[in-house]
Amino acid sequence: MSRDRFAPDFDPDCGDAALTEACHDIVIGRWQGLRDLLRVTGPNWLARGHRVRLLAQACAGSSTVESWLAAEPRSGDALVLRAATETARAFNTAITAGRGVPIDQRRIDAAVTACLLAAEAYLDDPTPWISLISVARLYSAGVRRQELGRWWDELHQRDPYSVEGHLQVLHYYSARWHGTHGLMYDFARDAAGVAPQGCALPVLVQYARVEEYRYALDAARGSRSAVGLGQHWSNDGAVSDVRRTWQRWIMGGTHNGIAPGELRDLNYLAHAACLGGVTDVAGPLLRMLGRRATRTPWSYTGDPQQQIVKSRKELKLRG
């Protein structure tokens, strides 16, 4: 196929065929597929976190996870998924209410309780702690620093290099939620600085840059011509960050393929490299991705497919 006909594949499950099959079960209200999937996933925390997060989004509008719990009330996997599902439901409520409109605190409290029950039921699993830190930012005033710190310690003990876990803290510390740009970037750079070679944590800086961009767009009422955004992706600091993440994460590790749970992270780095004009990094990243793509973060800066196709064409990449 010629490069002119290239079309990215925005598979919402990121190529995880087993997850796709389980999501089909949710549609018909069959919970056994969820149980089987999480059972075989086991303590592969990257795969487990990815699957639980997407299963929860699919379960949020159904009673499938409740049916599973009714049948197996002591299942740690079921309780972990229920916690993530309650978290997804709380965020859906907040989205429906609109930005800045507080939601019923009982909804948030219910999600927190579900997370703590799940953490007790599956002691080794970092996933309930990720859900807990995520839902914490829905409280209008956040949570006490000591409480957030305790939850973070529990997560860090179980999975110290979890990108998703770090990302939820980054969101909490962002200016759109309960922090500032400075606090958010400090957290991202500190995490990147202690990450071992080949670990994906340096990409947190790219997540932070997208967060800052979204905040600036909101402040400018969505105008992409807002003053100060012109050099957002291509200033010296942004370019240096891209190169640093590329060196520490991609060049520092052995990559025999992209796991579904890493696909969004790789898209964040590729997006930053393309918009920053870092062609010697963007080209290899787009080759690594091939047709696999996630809509975010591309959707924040325009049409995802158009941007990816345009970038590949400029870099003379074939399909």
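**Exercise 1. Describe the lining of the second largest pocket in this predicted model.**

Step 1. Start with the residues. The second largest pocket is lined by 13 residues. Nearest its centre lie Cys274, Leu275, Lys310, Ser311 and Glu314.

Step 2. Map the lining onto secondary structure. Two or more residues each come from α13 (263–275), α14 (279–289) and α15 (304–314). The largest share belongs to α15, with 4 residues.

Step 3. Sort by residue class. The lining of this pocket holds 7 nonpolar, 4 polar and 2 charged residues.

Step 4. Add the volume. The second largest pocket has about 210 Å³.

**Exercise 2. State how many cavities of 30 Å³ or more the structure holds, and work out what lines the largest cavity.**

Step 1. Recall the principle. A probe the size of a water molecule, rolled over the atoms, shows where empty space is left.

Step 2. Count. The structure holds 2 cavities of 30 Å³ or more. The largest cavity has a volume of about 50 Å³.

Step 3. List the lining of the largest cavity. The residues are Asn267, Leu286, Leu289, Gly290, Arg292, Ala293, Trp298, Ile308 and Arg312.

Step 4. Assign elements and classes. Helices α14 and α15 each supply at least two of the lining residues. The lining divides into 5 nonpolar, 2 polar and 2 charged residues.

Step 5. Link back to Exercise 1. α14 and α15 are also among the elements that give two or more residues to the lining of the second largest pocket.

**Exercise 3. Decide how many disulfides the model contains, and examine Cys14 and Cys199.**

Step 1. Apply the cut-off. A disulfide needs two cysteine sulfur atoms within 2.5 Å. The count comes to 0 disulfides.

Step 2. Check Cys14. Cys14 is in no disulfide, and its nearest cysteine sulfur, that of Cys23, is 11 Å away. Cys14 is buried, with a relative accessible area of 8%.

Step 3. Check Cys199. Its closest cysteine sulfur is in Cys14, 19 Å from its own, so the two are too far apart for a bond. Cys199 is buried as well, at 10% relative accessible area.

**Exercise 4. Place Asp77 in the fold, then determine whether Asp77 is buried or exposed and what it contacts.**

Step 1. Locate the residue. Asp77 lies in helix α5 (residues 76–97).

Step 2. Judge accessibility. Buried means under 20% relative accessible area. Asp77 has 14% relative accessibility, so Asp77 counts as buried.

Step 3. Find the contacts. Leaving aside neighbours within four places in sequence, Asp77 is in contact with Leu38, Arg39, Arg48, Trp68 and Tyr122.

Step 4. Pick out the polar contact with Arg48. The side chains of Asp77 and Arg48 make a polar contact at 2.8 Å.

Technical notes
Residues numbered from 1 in each chain as written. Predicted model: local features only at pLDDT ≥ 70, side-chain atom pairs only at ≥ 80, totals over all residues. Heavy atoms only, no water. 1 Å grid on protein atoms, 1.4 Å probe; cavity = no way out; pocket = protein on both sides within 12 Å on 5 of 7 lines; lining within 4 Å. Points joined across faces, edges and corners; volume = space filled by probe spheres on them. Nonpolar A, V, L, I, M, F, W, Y, C, P; charged D, E, K, R; others polar. Buried < 20%, exposed > 50% of the residue type's maximum accessible area, 1.4 Å probe, protein only. Polar contact = N/O pair within 3.5 Å; in protein donor to acceptor, adjacent residues only side chain to side chain. Contact = heavy atoms within 4.5 Å.
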